[in-house]
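Work through the exercises below with the model open. Each task is followed by a stepwise solution.

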There are 2 protein chains.
Amino acid sequence: MSALPPAELLLTLAEPTRLRIVNCLAAAPLFVSDLQGVLDLPQPTVSRHLTVLKKARVVRDTPIAQFVLYRIRQESGPHGRLLQAVIEAMGHDEAMRLERHRALDRSRAHGRGRLPSTRVGTGSQTGGGDLSGGEANS
Amino acid sequence: MSALPPAELLLTLAEPTRLRIVNCLAAAPLFVSDLQGVLDLPQPTVSRHLTVLKKARVVRDTPIAQFVLYRIRQESGPHGRLLQAVIEAMGHDEAMRLERHRALDRSRAHGRGRLPSTRVGTGSQTGGGDLSGGEANS
DNA sequence: TGCGTAAATTCGCCTAAGCGTATATATGTC
DNA sequence: GACATATATACGCTTAGGCGAATTTACGCA
């Protein structure tokens, strides 16, 4: 299915902005607008990078109303282990840890009837993020 | 000392040719000319990439006579673990495994009084590589 | 059904970086 | 000390890909 060579994955991850995005998503699933806010980047930029990450099977997207929730795609093969190693490595970088925290904060703002900016009643759990490089994922 | 951000390391590794070089060196320490032969690349190309890898602390160089032996720099921090994960991931790629094997073969040719092409009497151990993408590393 | 907002896509520009070629430096040999 | 070889470096070209700006598409709401 995947079998995409490691080179491919690395090429995808080895981009500062993309790495920041992955870093944030490692803290918690986020909407595009959240990433936009946390990383202070123009919306098209975020969107483009997310597209690339999606193609490389690094993230998974879940449309919710007019929003799209992105999350890290947890796999078990070599691909997944490599990704996990990258995420873990970022956990030792000060700047990355900071952004990860801000991402988690932003994520907590949802799930309490407060979607990105509008208000939606659908029961969407947003938690499940993992700080400090742990695992646990169904 | 290093504390070079993960982004830096990824940027360095996320280059097809460089990845191939690292892959070969994961099998065994090699001379520049060996890499040149195994990867079938012009010498300046190999040299340039090795320089980049050296700056990123991915490899270590050891001059021996007029040759230079390159080897993977085994570290223990996050940096080292990430590198190890990358190497391990490559062990699952067919093409990479093939080249790794050829690199090991080439490496075995030395250490028996048969340096790259000239003949040197200095006792230079060349073994120490690790194939089959396994672990086990002191 | 028209408006407002979220996200994706397109276009053109621009810079980073890899490559080939040529050359420089170091080291060993006769 | 001249020469041969191993490796490193310099230079110019070329291309991949990231970015800003504008536009399109999708969806919800009044």
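**Exercise 1. Relate the two chains.**
Task: find through which surface the copies meet, and which operation relates them.

Solution.
Step 1. Of the interface residues of chain B, 100% are also interface residues in chain A, so the copies meet through the same surface. Contact means heavy atoms within 4.5 Å.
Step 2. A turn of 180 degrees and a shift of 0.0 Å along the axis lay chain B on chain A with an RMSD of 0.0 Å. The two copies are thus related as by a two-fold rotation axis. The fit is by least squares on the C-alpha atoms of residues with pLDDT of at least 70 in both.

Ground rules: this is a predicted model, where local features need pLDDT of at least 70, side-chain atom pairs count only at pLDDT 80 or more, and totals for chains, interfaces and linings use all residues. Residues are numbered from 1 along each chain as its sequence is written, chains are lettered from A and ligands numbered from 1 in the order written, and side-chain values use heavy atoms, without hydrogens and water.

**Exercise 2. Describe helix α1 of chain A.**
Task: list the buried residues of α1(A) and say where they point.

Solution.
Step 1. Chain A holds 6 helices and 3 strands, taken as DSSP runs (H or I, at least four residues; E, at least two). Their order from the N terminus is α-α-β-α-α-β-β-α-α.
Step 2. In α1 (residues 6–13), the buried residues are A:P6, A:L9, A:L10, A:T12 and A:L13. Buried means under 20% relative accessible area (1.4 Å probe, protein chains only).
Step 3. Down the axis of α1(A), these buried residues fall within an arc of 160 degrees, so they line one face of the helix. The arc uses directions from the helix axis to the C-beta atoms.
Step 4. The buried residues of α1(A) pack against α2, α4 and α5 of chain A, and against α1, α2 and α5 of chain B.

**Exercise 3. Map the surface near DNA strand C.**
Task: identify what surrounds DNA strand C and which polar contacts are made.

Solution.
Step 1. DNA strand C is surrounded by 23 residues, each with a heavy atom within 4 Å. Among the closest are A:Q43 and B:R48.
Step 2. α4(A) gives the largest share of this surface, 5 residues.
Step 3. Look at polar contacts (N or O atoms within 3.5 Å). A polar side-chain atom of A:Q43 lies 2.7 Å from a base nitrogen. For B:T17, a polar side-chain atom is 3.4 Å from a phosphate oxygen. A backbone N or O atom of A:S33 sits 2.9 Å from a phosphate oxygen.

Technical notes:
A polar contact is a pair of N or O atoms within 3.5 Å; within protein, one must be able to donate a hydrogen and the other to accept it, and residues adjacent in sequence count only if both atoms are side-chain atoms. Buried means under 20% relative accessible area, exposed over 50%, partly exposed in between (1.4 Å probe, protein chains only).
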